Amino acid sequence: MPAKKIPTKVAAKKTPAKKVTSSPTPVKRVVAKKASPQQLTNTESDVGTPLSVIIRRRIEAQKTRFHANDNISAFIKPGELEKLVDEVAEKMQAVLESLVIDTQSDHNTRNTSQRVAKMYVQEVFNGRYVEQPTLTKFPNVSKLNELMIIGPITVRSACSHHFCPIMGRIWIGVLPSKASALIGLSKYSRLTQWVMCRPQIQEEAVVELADMLEKKIKPIGVAVVMDADHFCMQWRGVKDRDSKMVNSVMRGAFLKDPNLRREFLSLLEKR
Ligand SMILES: [Zn+2]
């Protein structure tokens, strides 16, 4: 089913101290090319080399970026993710030891390294290691060219700076052209999760998402607004419990047409 306007939920919320930033300029990003099977073949010299080093070499051979919020799935062979969990667990165990925690006799932390490793690789940072979800596209048969708003999409991420949780919401505005390919409603959410399940920086995350939507849908305009709690501000640091961050990215018509932008933002305020 193609995306359409969805009813708004009124969110009764605390009035947080808001930091509003806007970043209309796209971040330049190197897109990972799928490595050829040859490049993925381990050589004799790989024996005893940590898997992370082997993967890293494949990425470097392609001169591809592998920052915390990049996806590196093109460089990982089937079955390797489980082995990566083992390597992370081993190194996480070393962290616990350096924190002088007796994981031998403390039943609570005995398997913590394994649990944390699994959580990172298979859950909260999984968007780095798995391929982009496939997006079924629908031709815009009814030639929709009116503003669509998708959201709020629940966002769970972690900041690249502290690996502390980021919990928030995202709204996506799309102004399709008559020639745009539309994607199903649930796909906006899948794509968002995929981008957010990585160590992220909010300003970069919204840009990354907007780039992807522009590429997939080829709309006249796309807008992304993210509103989130950063636990690195609450659990540590200034310990400001009400601190929130709001970011927006406006592209195409949303950038050029103040009325469209106003319409989109006013609809969000009603949520
Ligand atoms: Zn942080």
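How many bridges join β4 to β7, and in which direction do the two strands run relative to each other? Ten bridges join β4 to β7, and the pair runs antiparallel. This report describes a predicted model, beginning with its overall make-up and then returning to β4 and its partners.

**Overview and confidence**

The protein has 271 residues, of which 28% are buried. Its secondary structure consists of eight helices and eight strands. Among contacts between residues at least 6 apart in sequence, 76% join residues at least 24 apart.

The mean pLDDT of the protein is 86, and 83% of the residues score at least 70. Residues 1–28 stand apart from this picture: pLDDT stays under 50 over this stretch, although the model has 46 contacts for it beyond four places in sequence. Where pLDDT is low, the predicted coordinates should not be read in detail.

**Strand β4 and its partners**

Strand β4 covers residues 165–175 and is mostly covered, with eight of its eleven residues buried. On one side of the description stands its pairing with β7, where I166 has H230 as its bridge partner. On the other stands its pairing with β3: nine bridges join β3 to β4, and these strands also run antiparallel. Two of the residue pairs between β3 and β4 can be named. A158 is the bridge partner of P165 in β4, and R156 is the bridge partner of M167 in β4.

β3 and β4 form a hairpin with five residues between them. Within that turn, F163 has a positive phi of about 60°.

Strand β3 also pairs with β6, a strand of residues 199–200. Two bridges join β3 to β6, and here the strands run parallel. In this pairing, C159 stands opposite Q200 in β6.

Strand β3 holds a further feature of the backbone. P152 lies in this strand, which spans residues 148–159. A cis peptide bond, with omega about 0°, joins G151 and P152.

**Residues with positive phi**

Most residues other than glycine have a negative phi, and most peptide bonds are trans. The cis bond between G151 and P152 may be read against that background, as may the residues in the table below.

| Residue | Phi | Place |
|---|---|---|
| V100 | near 55° | loop between α2 (80–98) and α3 (112–124) |
| F163 | about 60° | turn of the β3–β4 hairpin |
| K218 | about 50° | loop between α5 (202–217) and β7 (221–230) |

What is the exposure of V100 and of K218? V100 is exposed, because 6 other C-beta atoms lie within 10 Å. K218 counts as partly exposed, because it has 14 C-beta neighbours inside 10 Å.

**Helix α2**

V100, with its positive phi, follows helix α2. Does the helix appear stretched or regular in length? At 1.5 Å a residue, the 19 residues of α2 should span 27 Å, and its end C-alpha atoms are 27 Å apart, which agrees.

E80 is found in α2. E80 is partly exposed, because 16 other C-beta atoms lie within 10 Å. E80 and I55 are 25 residues apart in sequence, and their C-alpha atoms are 9.5 Å apart in space.

**The nonpolar core**

In soluble globular proteins, nonpolar side chains tend to be buried together. In this model, the largest nonpolar core has 47 residues. Those with the most contacts inside it are I172, V206, A210, A223, V224 and M226. Helix α5 gives the most to this core, with seven residues. Domain 1 (17–29 + 135–269) and domain 2 (44–64 + 72–128) both give residues to the core, so it lies between them.

What does A210 touch, not counting residues up to four places away in sequence? A210 touches V222, V224, V249 and R251. One of these, V224, is also among the residues with the most contacts inside the core.

**Summary**

Strand β4 pairs antiparallel with β7 through ten bridges and antiparallel with β3 through nine. Strand β3 pairs in parallel with β6 and contains P152, which follows a cis peptide bond. The largest nonpolar core lies between domain 1 and domain 2, because both domains give residues to it.

Note on methods:
Residues numbered from 1 in each chain as written. Predicted model: local features only at pLDDT ≥ 70, side-chain atom pairs only at ≥ 80, totals over all residues. Helix = DSSP H or I, 4+ residues; strand = E, 2+ residues; numbered from the N terminus. Buried ≥ 20, exposed ≤ 12 C-beta atoms within 10 Å, placed from the backbone. Core = buried A, V, L, I, M, F, W, Y, C linked by C-beta atoms within 7 Å. Domains from an automatic or database assignment. Contact = placed C-beta atoms within 7 Å. Pairing = 2+ DSSP bridges. pLDDT = per-residue confidence, 0-100. Expected span 1.5 Å × (residues − 1).
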